[in-house]
Amino acid sequence: MAPPRNVVKIAVQMRDAIPQLIQLDQAKPLAAVLKEVCDAWSLPHSERYALQFADGHRRYITENNRMEIKNGSILCLSTAPDREAERLLRGLQSESREGRREALRHLLLLAPDLTFAREVISRDGLQRLGTIIEDGDDLGEVLALALRAFLELMEHGVVSWETLSIPFVRKVVCYVNMNLMDASVQPLALGLLENVTLSSPTLGQLVKSEVPLDRLLVHLQVMNQQLQTKAMALLTALLQGATPAERKHMLDYLWQRNLRQFIYKNIIHSAAPLGDEMAHHLYVLQALMLGLLEPRMRTPLDPYSQEQREQLQALRQAAFEPEGESVGAGLSADRRRSLCAREFRKLGFSNSNPAQDLERVPPGLLALDNMLYFSRQAPSAYSRFVLENSSREDKHECPFARSSIQLTVLLCDLLHVGEPCSETAQDFSPMFFGQDQSFHELFCVSIQLLNKTWKEMRATQEDFDKVMQVVREQLARTLALKPSSLELFRTKVNALTYGEVLRLRQTERLHQEGTLAPPILELREKLKPELMGLIRQQRLLRLCEGTLFHKISSRRRQDKLWFCCLSPKHKVLQYGDVEEGVGPPTPESLPEQLPVADIRALLTGKDCPHVREKGSGKQNKMG
């Protein structure tokens with residue numbers, strides 16, 4: 001007779017004892033279950049003991065997670081978390097260095113368990129670890145273990161990073177700034193300061209004032225990927241916490257110190273593959289760089305600004321006045337104004353007063369910046385564009401100014417200028433680290449592409465929006481390829497002609513429509529059973545091969561990995577933590593198991609609990 005649904009058959013182990021095979025009644029209080037297990041081994045004081053999962057992180061069994069125990073689970077009887085926390089915290093005060101090291105190692109092993117972490121934190125464990133870190137008596141393994149344990153305990157969000165003391169943060173800053181520091185300590189110290197900077201504006205200002213940018217540049221130039229990643233993480237955290245003016249000053253300084261060139265050559269094009277965490281920080285850095293354009297993008301042209309009026313005149317003069325000549329020499333003021341207005345219309349402005357075109361935000365003054373940059377950096381191409389189109393009489397002229405204004409809006413949209421950074425995105429473009437003034441340089445390529453596409457489409461003014469749609473598609477498709485340099489971008493985007501765009505659209509449309517055509521549907525129905533069998537077989541094979549996943553914390557993607565695969569007989573999902581850089585583990589080596597028969601539902605996308613919590617902005621911080 002099968003046992004009731006709330007009863008599971010499990011094994012319980014204890015050192016130097018014969019394991020017990022028991023039927024665990026999930027309706028029975030855990031304290032009563034523990035007493036029965038202890039009585040079977042003649043152990044008094046069952047309250048001094050607890051059950052743990054025997055595999056993986058050896059998590060403690062509580063009333064909250066006991067339903068994770070399944071048929072065939074193996075548990076072990078161990079010291080209760082409160083007593084174990086007390087024992088290990090006493091070990092931290094051992095006079096023996098080896099005793100302190102062993103206590104820290106064991107503490108670090110159990111720290112990922114929330115039940116144990118709460119017991120340690122409630123007994124001032126963070127303060128005791130903080131004392132070891134502040135004293136700095138041992139700058140090697142003991143300090144590294146203390147920092148790792150401190151970070152693990154803080155990761156639970158039981159205590160806010162804002163509660164850390166200024167002397168403690170200053171001491172960690174010292175480890176970052178110190179020369180000849182143990183290689184295992186500095187990445188941990190940088191990671192701790194990153195968390196502090198992102199969580200506390202006050203302590204973030206302290207870190208900003210005491211960790212020189214030059215020091216972070218030194219860490220970035222050490223050929224140690226973990227140290228580079230954590231230095232970049234702190235750098236982007238400091239930039240995110242700065243005011244717009246401070247951020248511009250910091251980025252200008254970093255660029256003067258050749259950070260862009262170093263990233264492009266030694267990180268993006270390094271022989272070692274780029275880790276996901278570094279890719280995220282490069283995405284953030286790119287977003288912050290492009291974010292410097294936002295004030296110009298949101299500022300309309302001021303018709304009363306002498307400087308802006310002069311910039312508009314410079315744009316007109318570069319197109320229509322030979323060097324050294326002045327427009328309308330000897331003409332009356334009215335005649336001269338009339339001539340200028342006509343030339344601004346030829347330049348492609350919709351109004352004879354160009355200030356009216358640039359009052360729109362976005363793109364505001366950023367469009368004027370782009371036009372000026374193009375006219376100064378590529379004067380021949382600029383003159384050719386304007387004169388070629390202004391002399392046409394057949395309504396096929398491409399208006400330079402109107403196109404530039406709309407193209408600037410388009411580029412800002414494609415590159416998400418001014419939008420908040422994603423917490424997990426890794427979508428950076430290598431070419432933005434390949435040269436200075438990358439946004440303006442991209443505009444120069446794009447405005448010439450627009451003119452080329454306009455001619456290929458034989459467009460008129462009425463086709464303006466259609467041309468912009470094609471140009472958007474050309475740019476978006478090419479940006480998605482992530483070309484490694486601006487020159488490669490130029491080559492690829494120019495190869496994507498209007499004819500090629502039409503061909504791609506036609507292919508995609510046929511692909512979509514073809515799957516819905518009646519003959520195709522009829523044939524698909526006939527083949528469906530065989531195809532479904534093949535698909536099922538292929539998916540089962542893929543599940544058996546297994547996949548590496550990133551652990552997601554409440555704040556952002558972490559560098560920790562876990563692996564999951566289906567057993568060869570398709571009965572059990574096997575999973576467990578793995579180290580980065582290590583090949584896929586064998587199914588037998590994975591500590592955790594989940595019987596397929598016990599899976600009641602599969603949640604995906606927005607239905608997943610961790611996605612819902614992130615979307616609601618829930619924070620698990622307690623002072």
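**Exercise A: a cysteine on its own**

Find which cysteine sulfur is closest to that of cysteine 38, and explain why the two form no bond.

A quick note on the model: it's predicted, so local features need pLDDT of at least 70 and side-chain atom pairs count only at pLDDT 80 or more, while totals for chains, interfaces and linings use all residues. Residues are numbered from 1 along each chain as its sequence is written, and side-chain values use heavy atoms, with hydrogens and water left out.

*Solution.*
- Start with the rule: a disulfide is a pair of cysteine sulfur atoms within 2.5 Å.
- Next, the partner search: the closest sulfur belongs to cysteine 76 and sits 12 Å away, so cysteine 38 is too far from it for a bond.
- Now the surroundings: cysteine 38 has a relative accessible area of 0%, so it is buried (under 20%; exposed is over 50% and partly exposed in between, with a 1.4 Å probe and protein chains only).
- Try cysteine 421 too: its nearest cysteine sulfur, in cysteine 412, is 15 Å off, and cysteine 421 is in no disulfide. With 25% relative accessibility, cysteine 421 is partly exposed.
- Finish with the tally, which is zero disulfides.

**Exercise B: rings that meet**

Classify the aromatic pair of tryptophan 562 and tyrosine 575, and say which strands hold the two rings.

*Solution.*
- Get the criteria straight: rings of Phe, Tyr and Trp (its six-membered ring) pair if their centres lie within 6.5 Å, and planes under 30 degrees apart are stacked, over 60 edge-to-face, and the rest tilted.
- Count up: the rule gives ten aromatic pairs.
- Apply it: the centres of tryptophan 562 and tyrosine 575 are 6.2 Å apart and the planes make 80 degrees, which is edge-to-face.
- Place the rings: tryptophan 562 is in strand β6 (residues 557-566) and tyrosine 575 in strand β7 (residues 572-578), so this pair ties together parts 13 residues apart in sequence. Helices (H or I, at least four residues) and strands (E, at least two) are DSSP runs, numbered from the N terminus.
- Check accessibility: tryptophan 562 comes in at 27%, partly exposed, and tyrosine 575 is partly exposed as well, at 28%.
- Elsewhere, Phe374, Tyr382, Phe385 and Phe400 are linked into a cluster by ring pairs. Tyr382 is also in contact with serine 375, a residue of helix α18 (residues 365-377) that is buried at 7% relative accessibility.

**Exercise C: two helix packings**

Describe how α11 packs on α13 and how α20 packs on α22.

*Solution.*
- Set up the geometry: axes are lines fitted to C-alpha atoms, for helices over the stretch in contact, and angles between N-to-C directions run from 0 to 180 degrees.
- Helix α11 (residues 225-241) meets helix α13 (residues 259-268) at about 145 degrees, and the axes are 14 Å apart. Their crossing is left-handed (the near helix is turned anticlockwise from the far one by less than a right angle; clockwise is right-handed).
- Gln228, Met232 and Leu235 of α11 make the contact with Leu259, Phe262, Ile263 and Ile267 of α13, where contact means heavy atoms within 4.5 Å.
- Sorted by type, that contact has six nonpolar residues, one polar and no charged (nonpolar is Ala, Val, Leu, Ile, Met, Phe, Trp, Tyr, Cys and Pro; charged is Asp, Glu, Lys and Arg; the others, Gly among them, are polar).
- Now α20 (residues 400-414) and α22 (residues 464-480): the angle is about 40 degrees and the axes lie 11 Å apart. This crossing is right-handed.
- The residues that meet include Arg402, Leu407 and Leu411 in α20 and Phe464, Met468 and Arg472 in α22. In total there are ten nonpolar, two polar and three charged residues in this contact.

**Exercise D: backbone oddities**

Locate the cis peptide bonds around proline 362 and the positive phi values at aspartate 124 and histidine 416.

*Solution.*
- Recall the background: most residues other than glycine have a negative phi, and most peptide bonds are trans.
- Read omega: from valine 361 to proline 362 it is near -15 degrees, which is cis. The bond from proline 362 to proline 363 is cis too, with omega near 15 degrees.
- Locate them: proline 362 is in the loop between α17 (333-346) and α18, and proline 363 is in the loop between α17 and α18.
- Read phi: aspartate 124 has about 60 degrees. Aspartate 124 sits in the loop between α4 (114-122) and α5 (125-135) and is partly exposed at 43%.
- Histidine 416 has a phi of about 55 degrees. Histidine 416 belongs to the loop between α20 and α21 (438-457), partly exposed at 47%.

How values were computed:
Lists of a residue's contacts leave out its neighbours within four places in sequence.
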